[in-house]
Structure formats: C-alpha cells, structure tokens
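Please open the model in your viewer and keep the selection panel at hand, since each stop on this tour begins with something to select.

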Amino acid sequence: MKQKFKLPKTDRLLGISAMIISLLTLIIFTYQTHIIDKKNKLSVKPSLHIDAHQEDIIRLTDTTITIKYTVTNKGLGPAIIHSSTLNYQNEDYPLDFDEFIMKKFPLINEYSSTLNSSPIIKSTIISAGETKDIFTFKITMKDSYKLPNNYFDFNDLIFELIYSSIYEDDKWYTNSDPNVPIIEK
C-alpha cells in the first residue's frame, strides 16, 4: 500500500519560514555593519607627508638661504603621532630640531638662526589639512663660509614618523626619504 504524502501543518511552516528569514536578515545586517565600519575608518584616514623647501634670497650685500621642513596631513582625518625620530648619519634623535642642533652642531647657533621649530612628539595630533613646521633654518652665505667644510648637510637628515588615525587600529610609517606612507606590520 502506498503512503500518502502529508504536508506539515501551517503553523510549523510559518515558524520555519520566520526562522530562515530572521537568519538571512542577521547575516545581511552583519555584512552591512562591516561595510559601514570599513567606510567610517577610511573616512578618517590620515596621510602625512614631509616636505623640504629651500629659498635663496639674493641681495647685493649677501645671499640668505632659508631651509624649511614641514609635515602636512593630506589625508581625511587627524593623525596621532606614536613615534617620531630624526635620523642623521644612521643615528636616531628625538624629533626636536633645536635640541638636535645644540647637541650635535653647537657652532651653527653662532652663525645662523632657527626661526621656527616645533617638536613633534608622541601623542601630537596633526589635523586633516594642517601643516606643522618641523623647523625653519636661516643662514647667510657669508656666515656659512665661517663654518668648517661639510660641517652639516641637510641632505643627511631623515625624519621618521609612525602615526595612526583616531581609531588607532592601523599604524603607518613615513619618512622624508621615500615620503610614502606604509602600513606598519
């Protein structure tokens, strides 16, 4: 004898359908939350760039050389500094130009002036679009000849920064040599 196929009761079908729909809704909601979280983190991603500028003002009496190093946040959100160093001839120093010059090159203070210097230390925040002067250095050509040959070469300076966004999930490394932010592992 053949058995008759029996359909489940209506209330059981409704219950199973509701559970499947709830499970699919949960999966979609979780995926959407992940996408929104990723978007939020990208919307505050900082991007620090270190730039060097040199300006020569030529006058009849003497030429003045102004050298300026700046760090600019070209990203979308603030950058929180975790580490900053000044590397000179493979030696690391804190990123405080005044202190570095006084320790390493005391003669420079006699013949030149540091017009502006900002120490960039741990927990410094650089807002989106903000430019901070690392230092502005000024010397006349006449005074530069009073210093010993090859006493100090600005080309040997490398500034290194490790920073993160306000979420502090990824850390980026940049320096003045390639000047390209890299995610730090």
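**A buried threonine**

Select Thr64 to begin: at 7% relative accessibility this residue counts as buried, because the cut-off for buried is under 20%. Bear in mind throughout that you are looking at a predicted model. Thr64 belongs to strand E2, and when you display what surrounds Thr64, leaving aside residues up to four places away in sequence, you should find that it touches Glu55, Asp56, Ile57, Arg59, Lys138, Ile139 and Thr140. Of these contacts, pick Thr140 next and draw a distance between the two C-alpha atoms: Thr64 and Thr140 are 76 residues apart along the chain, yet their C-alpha atoms are separated by 4.2 Å.

**The aromatic rings**

Now turn to the rings, where the count comes to 11 aromatic pairs. Select Phe97 and Phe100, which form a tilted pair with 6.2 Å from centre to centre and 45 degrees between the planes. These two residues are three apart in helix H2 (residues 97-104), and so about one helical turn separates them; both Phe97 and Phe100 are buried.

Keep Phe97 selected and add Phe135, and you will see a stacked pair, with the ring centres 3.6 Å apart and 10 degrees between the planes. Because Phe97 lies in helix H2 and Phe135 in strand E7 (residues 131-140), this pair ties together parts that are 38 residues apart in sequence. Phe97 and Phe135 are both buried.

To see the wider setting of these rings, extend the selection to Tyr69, Tyr88, Tyr93, Phe97, Phe100, Phe105, Phe135, Phe137 and Phe159, which form one aromatic cluster.

A further ring to visit is that of Tyr167: select Tyr167 together with Lys41, and you will find Lys41 lying over the face of the ring, at 6.0 Å from the ring centre.

**The largest pocket**

For the last stop, show the surface and look for the largest pocket, whose volume is about 520 Å³. Which residues should you select to find its centre? Of the 21 residues that line the largest pocket, the closest to its centre are Ile67, Ser144, Phe152, Asp153 and Phe154. Colouring by element is helpful here, as strand E1 (48-58), strand E2 (63-73), strand E7 and helix H4 (141-144) are the elements that give two or more residues to the lining. If you then colour by residue class, the lining of this pocket divides into 14 nonpolar, six polar and one charged residues.

Terms used
Residues numbered from 1 in each chain as written. Predicted model: local features only at pLDDT ≥ 70, side-chain atom pairs only at ≥ 80, totals over all residues. Heavy atoms only, no water. Phe/Tyr/Trp six-rings, centres within 6.5 Å; stacked < 30°, edge-to-face > 60°. Helix = DSSP H or I, 4+ residues; strand = E, 2+ residues; numbered from the N terminus. Buried < 20%, exposed > 50% of the residue type's maximum accessible area, 1.4 Å probe, protein only. Lys NZ or Arg CZ within 6 Å of the ring centre and 35° of its normal. 1 Å grid on protein atoms, 1.4 Å probe; cavity = no way out; pocket = protein on both sides within 12 Å on 5 of 7 lines; lining within 4 Å. Points joined across faces, edges and corners; volume = space filled by probe spheres on them. Nonpolar A, V, L, I, M, F, W, Y, C, P; charged D, E, K, R; others polar. Contact = heavy atoms within 4.5 Å.
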